[in-house]
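Trainee: I have a model open on my screen and would like to learn how its descriptions are justified. Could we go through it together?

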Amino acid sequence: MSTGPSVRPLGKSPVTIGPLSLGCWPLAGMTRDGVTREDAVATVAAAIDAGITHLDTAYCYGEEGESERAIAVAIHGRREAVVLAGKCGIHWEPGRRQCVDGRPERISHEVEESLRRLGTDHFDLLYLHAPDPTVPIEESAAALRDVLEAGKARAIGGSNMTVEQLDRFASVCPLAACQMPYNMLQRGIEDAILPWCRSHDVAMVVYWPLMKGLLAGRMERGQVFPPSDSRHKYPMFKGIEFERNLDFVAALQPVAARLGCNLPALVLAWTAEQPGITSVLFGATTPAQVAENARGLAVSLDDRARGDIRAAINARGPVAGRRAV
Ligand SMILES: NC(=O)c1ccc[n+]([C@@H]2O[C@H](COP(=O)([O-])OP(=O)(O)OC[C@H]3O[C@@H](n4cnc5c(N)ncnc54)[C@H](OP(=O)(O)O)[C@@H]3O)[C@@H](O)[C@H]2O)c1
């Protein structure tokens, strides 16, 4: 469990987490070439050393659970120092075909396999990764309730759900957390999902805070992402959309400079202070990125910075590829 002045409760569960957390998807080596097992282990270790102790992974982060296996190495001997979140309900079929499968027997299989890969006997938080459209969500929720009651998870969450799905899930299984995409330019959850979570005392843990790296401020005009980099398929990294996003990043740079911080730290600090946001999951592929991002824990925004950021968001306008769920 996280301790310290800035810990935040995960809904009504006994679990607490900090405002910044490490997302371990890029460590699986599937988002781009060149992320090694050594990088992955060192990145997780750097996060823990920097006080970022909530680690977010999933059964499908890597065709063979590469993310979970790297975490196992990094947390060996210090399992109690971390808050370990996993997800189940998505796996890979041969040929890298992603398969959503929320049947209870599949969930039970993935939970056992993930715990084995992670070298632990329990998750601190376990999410249904996404609803399976072919399985009533109550059936998947009942399987996760069984995991909770068996002591193999201390809290249960739901990810990529609509309000209606959250309602149905929570009618069967105690729901402590919801995980959705959210960043300065993609704020669809503010319409309905975030208010639902706040009114039901469900924690909101958000992903893509750096817009897959764009808001870290290191991308260049004209940059082309190769087919092996998963960013090549998103509209936010193409053509005029990409240019406008880079203009937005340029507008944030003076705000960070005035506050004396780096850009990802500013972006993460802003995201973590939005009303109803419990924790912000940033991905990273190196200890150096973790060190930069962890500085977000120490950034204090002032009203001038908030106003400048609001103006930049308004000037940017709606982005392509925005999605609420
Ligand atoms: N529930 C879901 O369905 C779902 C979906 C997506 C993600 N997630 C979770 O949320 C986490 C965060 O999402 P994400 O990792 O996809 O996106 P993100 O946090 O917006 O971006 C992560 C990427 O940004 C780049 N980056 C990070 N720090 C940087 C720095 N200081 N300087 C330069 N570049 C930097 C890295 O890319 P490179 O090093 O490769 O350039 C890194 O892989 C995931 O890791 C995962 O745990 C959950």
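Trainee: What sign does the phi of Gly317 have, just after H10?
Mentor: Positive: Gly317 takes a phi of about 75° there. Keep in mind that this is a predicted model.

Trainee: What makes the span of helix H10 close to the expected one?
Mentor: Helix H10 covers residues 303-316, 14 residues in all. At 1.5 Å a residue, 20 Å is expected, and H10 reaches 20 Å from its first C-alpha to its last. The two values agree closely.

Trainee: Why is H10 called hardly covered?
Mentor: A residue is buried if 20 or more other C-beta atoms lie within 10 Å of its own. Among the 14 residues of H10, the count that passes is one, so "hardly covered" fits.

Trainee: And how many residues in the chain are buried?
Mentor: Buried residues make up 47% of the 325.

Trainee: How do you know what radius of gyration a compact globule would have?
Mentor: The rule is 2.2 Å times the number of residues to the power 0.38. For 325 residues that gives a value near 20 Å; the chain has 19 Å, which agrees with a compact globule. Its C-alpha trace spans about 50 × 40 × 40 Å along the principal axes.

Trainee: What makes a residue part of the shell around the ligand?
Mentor: Its C-beta atom must lie within 6 Å of the ligand. 28 residues surround the ligand, with Gly23, Pro26, Tyr207, Gly213 and Gly283 the closest. Strand S12 (279-283) and helix H9 (287-294) each give two or more residues to this shell. By type, the shell has 13 nonpolar, 10 polar and five charged residues.

Terms used:
Residues numbered from 1 in each chain as written. Predicted model: local features only at pLDDT ≥ 70, side-chain atom pairs only at ≥ 80, totals over all residues. Buried ≥ 20, exposed ≤ 12 C-beta atoms within 10 Å, placed from the backbone. Helix = DSSP H or I, 4+ residues; strand = E, 2+ residues; numbered from the N terminus. Nonpolar A, V, L, I, M, F, W, Y, C, P; charged D, E, K, R; others polar. Expected span 1.5 Å × (residues − 1).
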